[in-house]
Amino acid sequence: MSVVQELRRLEPGLRRGEDEATARRSLTNDTWQLMQDLGIIRGLQPKRWGGGELPLREQLTNVYELARIAPAAGWVAGVVGSHPWQIALFPEEAQQELWGDNPAHVNSSSYAPTGKVEVVSGGYRVSGRWSFSSGGDHCQAVILGGIAGGFDIGGGVEIPNYGSILLLKDQYRIDDNWFTAGLSGTGSKDIVVEDAFVPEHRFLSHPRYEYNPANPAPGLATNPSNLYRLPWAVMFNLVLVAPVLGLTRRFLDDWTAETIDRRSNWGGFLRDDALMQMHLADAEWVHDAAVKKMFEAIDTITAAAEAGVFLDRVERARLRWNITKSCQEVGQQINKLIRVSSGRTAFVDHPLHKLFQDVTAALGHAFLVSDAVGQYYGASLLNSKAPEVML
């Protein structure tokens with residue numbers, strides 16, 4: 001039985017777990033264990049560490065389906081499930097520190113460089129606060145985004161040395177501040193660090209490795225699979241897109257079910273209203289197009305990695321534009337549908353209320369905002385100066 005089939009078999013229990021997670025603002029232990037047992041959390045971990053090392057298409061198909069059933073679990077599966085992939089890019093010493101005693105250990109993340117990373121002898125001193133660390137209650141480490149000085153890209157040009165820094169559980173604390181209207185079950189709480197020392201091998205510089213094909217990430221020495229040659233920014237964008245599209249699939253299904261039996265003010269059924277029919281047709285078209293854009297991006301970066309092709313910045317911008325714009329457009333369709341839904345959706349126990357709040361919260365993620373990548377893509381087509389954007 002495939003993971004998707006197993007998720008569908010377990011759907012009633014997963015839905016109950018979603019309700020409980022929403023109430024407690026964190027995934028339940030049962031849901032977390034189920035995600036581990038089905039291999040979703042470790043789907044992208046190298047096989048030599050006991051992971052699935054699955055093709056990205058298969059992993060994100062599983063995440064999409066889980067998000068359709070249980071949005072918070074799907075979101076955490078997308079984000080946390082991507083981290084074993086990134087840990088595989090770190091030096092072997094860092095992999096050993098996280099997985100040596102227990103390969104099932106995983107980390108949460110917060111990539112916006114809101115804290116301080118100071119270069120010192122042998123490593124870095126880290127302090128500050130990072131937000132939106134989904135699934136952190138169940139993790140044994142965290143990856144934080146930080147800027148460690150500058151990085152020379154040649155020609156006398158220096159850019160911020162943005163990178164991912166890995167901290168173990170005893171080096172940070174979780175601030176339980178996740179009180180939200182949407183995706184509350186993800187437990188996306190703040191991470192607080194107070195002057196922690198992090199050794200040099202637990203910092204992965206993005207400009208040093210991600211944008212320089214002649215300088216592959218150190219983890220590729222022991223994890224040579226093409227899976228670990230995917231471009232990080234597009235890859236991380238996709239792990240957010242998959243749960244958003246799964247969640248919005250659920251909204252469309254539930255909205256349709258609600259509308260079929262809903263009566264209009266003129267005495268008939270709204271299912272016979274031509275405007276309602278067109279609203280739904282528009283939303284279905286946009287959602288289907290978004291799913292196709294997602295799989296086109298997955299297949300493009302996978303084929304490039306397998307062919308040893310390094311995708312240039314314009315192509316990365318095109319892919320990120322396609323998938324982020326798609327999500328934003330689906331969100332607009334959800335807004336239109338909620339506008340013509342019953343006023344009863346204002347009640348917090350209405351089936352569409354929570355899903356609408358989940359969609360709104362998810363689309364607030366910085367990596368799902370399409371403006372900068374769209375401007376970069378358009379500017380590049382016009383041979384104009386493009387804004388600096390992570391690609």
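Two strands are taken to pair if DSSP finds at least two bridges between them, and it is on this basis that the strands of the present model, which is a predicted one, are described below. Strands β2 and β3 form a hairpin in which two residues stand between them, and G122, in the turn, has a positive phi of about 80°. Strand β2 covers residues 116-120 and strand β3 residues 123-133, and the two pair in the antiparallel sense over five bridges. Among the residues brought together in this way are V120, whose bridge partner in β3 is G123, and E118, whose bridge partner in β3 is R125.

The hairpin belongs to an open sheet of four strands, in the order β2-β3-β7-β6, with antiparallel pairing. Strand β2 and strand β6 (173-175) are the edge strands of this sheet, each pairing on one side only, and the twist from one strand to the next averages 15°. Strands of a sheet pair through backbone hydrogen bonds, either parallel or antiparallel.

Side chains also link two strands of this sheet. R125, already named as the bridge partner of E118, meets D195 in a salt bridge between side chains, with a distance of 2.8 Å from N to O. Because D195 lies in strand β7 (residues 189-199) and R125 in strand β3, the pair ties together parts that are 70 residues apart in sequence. Neither residue counts as buried, since that word is kept for residues under 20% relative accessible area: D195 is partly exposed at 47% relative accessibility, and R125 is likewise partly exposed, with a relative accessible area of 29%.

A second open sheet, again of four strands, has the order β1-β4-β5-β8, and its pairing is mixed. Strands β1 (107-110) and β8 (203-205) stand at its edges, each with a single partner strand, so that one side of each is left without a neighbour in the sheet. On average, and with direction ignored, neighbouring strands here are turned by 35° against each other. The partner of β1 is strand β4 (residues 141-154), and these two strands pair in the parallel sense over four bridges; within this pairing, S110 has L144 of β4 as its bridge partner.

Salt bridges are found in helices as well as between strands, and the count for the structure comes to 23. In helix α9 (residues 232-260), R250 and D254 lie four residues apart, about one turn of the helix, and their side chains meet in a salt bridge at 3.0 Å from N to O. Both of these residues, R250 and D254, are buried. A salt bridge with the same spacing in sequence occurs in helix α11 (residues 313-339), where K325 and E329 lie four residues apart, again about one turn of the helix. The side chains of K325 and E329 meet at 3.0 Å, N to O, but here the residues are partly exposed, K325 at 32% relative accessibility and E329 with a relative accessible area of 30%. Elsewhere, salt bridges that share partners join R8, E11, R15, E65 and R68 into one network.

As for covalent links between cysteines, a search of the whole structure finds zero disulfides. The cysteines C139 and C327 both count as buried, C139 because its relative accessibility is 3% and C327 because its relative accessibility is 1%.

Empty space within the model was examined last. Rolling a probe the size of a water molecule over the atoms shows where empty space is left. The structure holds one cavity of 30 Å³ or more, and about 40 Å³ of space lies in the largest cavity. The lining of the largest cavity is made up of E18, T22, A72, A181, G182, L183, S184, G185, K354 and D358. The elements that give two or more residues to this lining are α2 (11-24) and α12 (351-362).

Notes: Residues are numbered from 1 along each chain as its sequence is written. Side-chain values use heavy atoms; hydrogens and water are left out. A disulfide is a pair of cysteine sulfur atoms within 2.5 Å. Buried means under 20% relative accessible area, exposed over 50%, partly exposed in between (1.4 Å probe, protein chains only). Axes are lines fitted to C-alpha atoms, for helices over the stretch in contact, and angles run from 0 to 180 degrees between N-to-C directions. A salt bridge is a side-chain nitrogen of Lys or Arg within 4 Å of a carboxyl oxygen of Asp or Glu. On a 1 Å grid over the protein atoms alone, a cavity is a set of points where a 1.4 Å probe fits but cannot get out, and a pocket is an open set with protein on both sides within 12 Å along at least five of seven lines; lining residues have an atom within 4 Å of a point. Grid points are joined across faces, edges and corners, and a volume is the space filled by probe spheres set on the points.
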